[in-house]
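Open the model in your viewer and keep the selection tool at hand. We will go stop by stop.

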There are 2 protein chains.
Amino acid sequence: MSSAKTPPVSPLAPKSVPELPPIGGVGIATAQAGIRYSGRTDVLYLALQPGTQAAGVFTRSKCPSAPVDWCREALASEGARALIVNSGNANAFTGARGRDAVALTAKIGAEAAGCRPDEIFIASTGVIGEPLDATKFEGVLTDCAARTETGPEAWAAAAQAIMTTDTFPKLATRKATIDGTEVTINGIAKGAGMIAPDMATMLSFVFTDAALPQVVLQTLLSVGTRTSFNCVTVDGDTSTSDTLMLFATGAAGNAPVTDAGDERLSGFRAALDDLLIELAQLVAKDGEGARKFVTVNVKGATGDASAHRIAMSIANSPLVKTAIAGEDANWGRVVMAVGKAGEPADRDRLAIWFGDVRVAREGARDPDYSEEAASAVMRESDVSVTVDLGLGDGSARVWTCDLTKGYIEINGDYRS
Amino acid sequence: MSSAKTPPVSPLAPKSVPELPPIGGVGIATAQAGIRYSGRTDVLYLALQPGTQAAGVFTRSKCPSAPVDWCREALASEGARALIVNSGNANAFTGARGRDAVALTAKIGAEAAGCRPDEIFIASTGVIGEPLDATKFEGVLTDCAARTETGPEAWAAAAQAIMTTDTFPKLATRKATIDGTEVTINGIAKGAGMIAPDMATMLSFVFTDAALPQVVLQTLLSVGTRTSFNCVTVDGDTSTSDTLMLFATGAAGNAPVTDAGDERLSGFRAALDDLLIELAQLVAKDGEGARKFVTVNVKGATGDASAHRIAMSIANSPLVKTAIAGEDANWGRVVMAVGKAGEPADRDRLAIWFGDVRVAREGARDPDYSEEAASAVMRESDVSVTVDLGLGDGSARVWTCDLTKGYIEINGDYRS
């Protein structure tokens, strides 16, 4: 809401914002459609050259937003020609009118881009339960299509236009080679920011000029999500609108690759995974009220999936997160979070570290434990928690932020 | 910790504390053993007459405390002669020394009560990871055994002795008849209070003079827990020490009953269930920082278990809980919490109420929605959230409290 006070930039924001290079086949325009905000851009129109392939992963919510339903269906037919993202209204829980609004948006977008509606991908973030007036896109998208740009300023503007209460824009870029051809990967994201009655939504869009078929993109994205966006949590709440999409224009003209496991893709895979991790970490660093960035490592579990569930149990525990906010090396709460995960664990084999300071081992306080050393670790803005279950080879790593009064302030909107 | 400032009494505390009548076969004494606190009682010794039967339900944590392990084993052999509870030290995550400490406590208790160690039940709450010096019970328990009392003051003292940072003592009482014989049920509980590095622990002990065999008690307690303590949540974190026990002395001399489903127990079952619900609600009303008591009703689910998981997803959602703290009728967050539960739900059939104000129906905002009416409901100290999934007959009801800055203050112990 334009009248809301602007929250201070997260203390965990990167010192500098990367400049994103052009991606062949991608053109960008942003606009003010007046969806809800005034005095700021609220529409991103991103044109994709013919032949662009798309992949996506979406919220697992049983109550997804209308745009999520649309994207899932649109992926069934190959090809992507434009991405349209608006902030200010999530078009979620809007019933039949929501479906009509997204269909109208696609129709207007298709006319602007000169393509079929099912080549238009749509994401919306902002207030929910309010009907989205898609007629506001009329004229706006055609105008956008006529003035797309490709430089770093356009990418920066794209990252800005999709923000709600993010305190900083989130951009990342990587280079890789596929069979000797250099390709570029650019990504933008928005994190969990919220002004009541808005809803936190994670949106992220990644673009590459690599020439890759949809099936390969989908595999790379799904696998990459496992170690990046699916390993980040702010408060354990899942938006109805979470969307991560990967678009490949093919402008780089690399040799055809048809298998995601192809050895020639190893560099691209590594670069994509790395970029996804960077974007995911940026989301955690802009979590509501975040003052500390937290990495949770779990090892010695009976399997990787088990380790992941234990790590998420730790990362989502309000007691662990408030302890970290309070710079309190409270390993008892870590034990609690391990215990409640429901995964195999043996109390008497547990070892726990904060940073590189081992605070507990063999199910009891480490005899060499130094309160002073642990406190020094807790005062850092980046804090790691490591748990060794001592049972097997399963491991996982997830990221989160601390839980502070700022979270309550942002989400509580106290009236009394 | 004695030096910590005393938090104000929860605004949700009952206006008056009930006076608990004597229970035949139960004698109570409290003492200052100096476990951790000074200037307050920290030991409850509760003598049970020969022939007393016991039942218990305990934390599902994979890392339970040493006393929880002890009670589980002690239940395997029939009979209970004393309950010993200490506050100040949870004897959790203390390794082999924790097992030794609980065994020594039982030995000292058995000498005081004149019984076998496995007739002694033990619970501990307070700091974790610190070895518990059980030699502090020497003399103290023998002294307690020599001066047990039975009146309302003794019950009030019992509820006081087991508090950590609870802001009010929790007591409840009920009468029932079994086949014409009047029996009494008294219960005490402590809730989730915490001073870093303490750990929240839910302890509750229920006593009756009814004559009932262990197998019947265990069934009644397990079934009663499903609709009471298993339906209450403060922050979704599960203690390593959660303990709920039911003791029956038999002093009422009612006719023998051997089956928990016996029709003659219907009044007792109802009274027990009602008492367990009252105690569970008191725990939610004393949740850290609680300013509002929240009842979540889910109906129209595909089954009761599904309804329960959806209700807990709503009750544990930080976004729902902060909205309620902010007196914001934010039904979008309720939709979010329904969606993330992973249970069957159809966005377009959902209806949501705050209090008796329907805010959404058929997957969209209720056309008759009145912001004013909804806001009036949210300003009450008791707030109910009702969701109708419109799919089947499954229903559930759970209780929680709002999430306020007070929670962060109590658990965050800010050092910066």
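Start with both chains. Chain A lies on chain B with an RMSD of 0.0 Å after a turn of 180° and a shift of 0.0 Å along the axis; the fit is by least squares on the C-alpha atoms of residues with pLDDT of at least 70 in both copies. The two copies are thus related as by a two-fold rotation axis.

This is a predicted model: local features need pLDDT of at least 70, side-chain atom pairs count only at pLDDT 80 or more, and totals for chains, interfaces and linings use all residues. Residues are numbered from 1 along each chain as its sequence is written, chains are lettered from A and ligands numbered from 1 in the order written, and side-chain values use heavy atoms, without hydrogens and water.

Select A:Lys405. Its C-alpha is 2.7 Å from the rotation axis, the closest approach of any residue of chain A. Now show the interface, where contact means heavy atoms within 4.5 Å. The copies meet through the same surface, because 100% of the interface residues of chain A are also interface residues in chain B.

Next, select strand β1 of chain B, residues 26-31. Strands here are DSSP runs (E, at least two residues), numbered from the N terminus. Six of its six residues are buried, so β1(B) is largely enclosed by the rest of the structure. Buried means under 20% relative accessible area (1.4 Å probe, protein chains only). B:Val26, B:Ile28 and B:Thr30 point one way, and B:Gly27, B:Ala29 and B:Ala31 the other.

Add strand β2 of chain B, residues 43-48: β1(B) pairs with β2(B) in the antiparallel sense over six bridges. Pairing takes at least two DSSP bridges. Find B:Thr30 again; its bridge partner is B:Leu44.

Key. Buried < 20%, exposed > 50% of the residue type's maximum accessible area, 1.4 Å probe, protein only. Helix = DSSP H or I, 4+ residues; strand = E, 2+ residues; numbered from the N terminus.
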